[in-house]
Amino acid sequence: AMNGLNERELLMWVWSDESLRSRVGMVSDESIAIRNFGRCVSPETGVAHGVEIVSDGSIRCGDAFFCNDAQLPERPESVVVQIVGTRPSPPLVRYDGKTVPQLRISLPPELGTLLDSLALGAEDYACGELLQSMRPAERIALFDQLFTERLERKCSDVERIFRECGNDWNETLYAMMFRYVGGSRNAEAFMQLARLVPYGTLVHLGSRMVDVEALLLGAAGLLKCCYFDDYVSELQKEADFLCKKYNLYPMDTAYWDVHGTYPVNRPLMQIVRLAAFFGKNEFIFREMMRCRSREDVSRLFDTEISSYWREHCVPDGNFVKCPSSFGVGKRYMLGINVVAPLMFAYGKFTHNQKLCDQAIGVVASLPVENNAIVRGWSAHGIPLQSAWDSQAVIQLRREYCDRGRCFACKLGRMCIKKSMNGVKVE
């Protein structure tokens, strides 16, 4: 079933497209005519500016408001017509007590059928052949739009974390590293640890790795899961002292999800890697802002863990060889999700367009990601050459296909318009 926001987006598209407007019915309870359809802005606002209507022999200029169940226009006094679809909507009353005329758009049945068909096919990447057959220039333009959307969304996440961190860029970097190193299953637990032990506290410890490991692992509550040899006993003793000093209450081990995870990738070892990264690096933020290539990204995250953990990643006393630093794939993932968004957000914050462009260049220098979404599109022969391309198709899948927003997607619109004009789209 189409929700209110999706129907609003669909109505706004139909309203904006002259060829589709001629295929739908528009009915009003009052005698009004549209002289100018204006310009639609984002679906979140639900407004088209510069609309002109003729009502009772007079011309009125202002906004068209596309109805949504839970939202009213920001400026009701500027609305000259209210657009509604299949969902009933109460009349909009202006401040002067007058009711805004409603215009109901009746969508043709074949459009609903076509949208349902597209939504069903989205799960199997049904638009893959159409995407593959696009002219290279068209596909690049589409990918540029999709990549920009995704980077802007990540930038918004950075800005939110920045505010939560008291407008401190070092703390923001720290929180983002914890969030993405934790992975989707433990992201919230890692963020909780970052809030419990902020970056400023680690800075006070200096570069003594035992202290950094002890505080992070102790606050995470994970030392109690380790085999107690001499080194772990030393860490536990130091952790007890530091937690008391900084008035910290360790997390419960139930926070951490370790099921189905290889020992080298469990939270304990990821925290050890974070300890090495932040304990051995000075001026991390400055170094991150200097990254320009995949080599720079790889070098930034090439920090070795202490010798003890290279042989004790399984917390039961058994000898198991462990990678000494973040793996190559993890480094590139952090380049995409931490380095580039942080650089882009900082560039916007400081009005430094060169830094924003540098962030895009960093992603373009990284190899194509290897995940189910990327493999799904690649199976249709779509040329993907870098992480810039893979981020674009991930955005396409998650923000359009998975959410049934085919009518808001350039590919979906191509299918719809061709089909409604009698052109068969395979």
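Me: Which helix gives the most to the lining of the largest pocket?
Reply: Helix 7, with six residues. Bear in mind that this is a predicted model.

Me: How much space lies in that largest pocket?
Reply: About 750 Å³. The lining has 28 residues, and Y180, G183, S184, K330 and M333 are the closest to the centre.

Me: Which elements give two or more residues to that lining?
Reply: Helix 5 (136-164), helix 6 (169-181), helix 7 (183-196), helix 11 (267-280), helix 14 and helix 17 (387-401).

Me: How do the lining residues divide by type?
Reply: Eleven are polar, ten charged and seven nonpolar.

Me: OK, next pocket. What lies nearest the centre of the second largest one?
Reply: E9, P43, Y400, R405 and A408, out of 22 lining residues. The space there is about 410 Å³.

Me: Which helix gives the most there?
Reply: Helix 1, with five residues. Helix 5, helix 17 and helix 18 (410-420) each supply at least two.

Me: And how do those residues divide?
Reply: Nine nonpolar, nine charged and four polar.

Me: Switching to the core. How many residues are in the largest nonpolar one?
Reply: It has 137. W15, M177, V197, F278, F301 and W309 have the most contacts inside it. Helix 14 (residues 328-349) supplies the largest share, ten residues.

Me: What is W15 in contact with, leaving aside neighbours within four places in sequence?
Reply: Its partners include R21, M26, F37, F66, L103 and I105.

Me: Which residues are in the second, separate core?
Reply: That core has five residues, among them V47, F65, L92 and V100.

Key
Residues are numbered from 1 along each chain as its sequence is written. This is a predicted model: local features need pLDDT of at least 70, side-chain atom pairs count only at pLDDT 80 or more; totals for chains, interfaces and linings use all residues. Side-chain values use heavy atoms; hydrogens and water are left out. A nonpolar core is a set of buried Ala, Val, Leu, Ile, Met, Phe, Trp, Tyr and Cys residues joined through side-chain atoms within 4.5 Å. Buried means under 20% relative accessible area, exposed over 50%, partly exposed in between (1.4 Å probe, protein chains only). Helices (H or I, at least four residues) and strands (E, at least two) are DSSP runs, numbered from the N terminus. Contact means heavy atoms within 4.5 Å. On a 1 Å grid over the protein atoms alone, a cavity is a set of points where a 1.4 Å probe fits but cannot get out, and a pocket is an open set with protein on both sides within 12 Å along at least five of seven lines; lining residues have an atom within 4 Å of a point. Grid points are joined across faces, edges and corners, and a volume is the space filled by probe spheres set on the points. Ala, Val, Leu, Ile, Met, Phe, Trp, Tyr, Cys and Pro count as nonpolar, Asp, Glu, Lys and Arg as charged, and the others, Gly among them, as polar.
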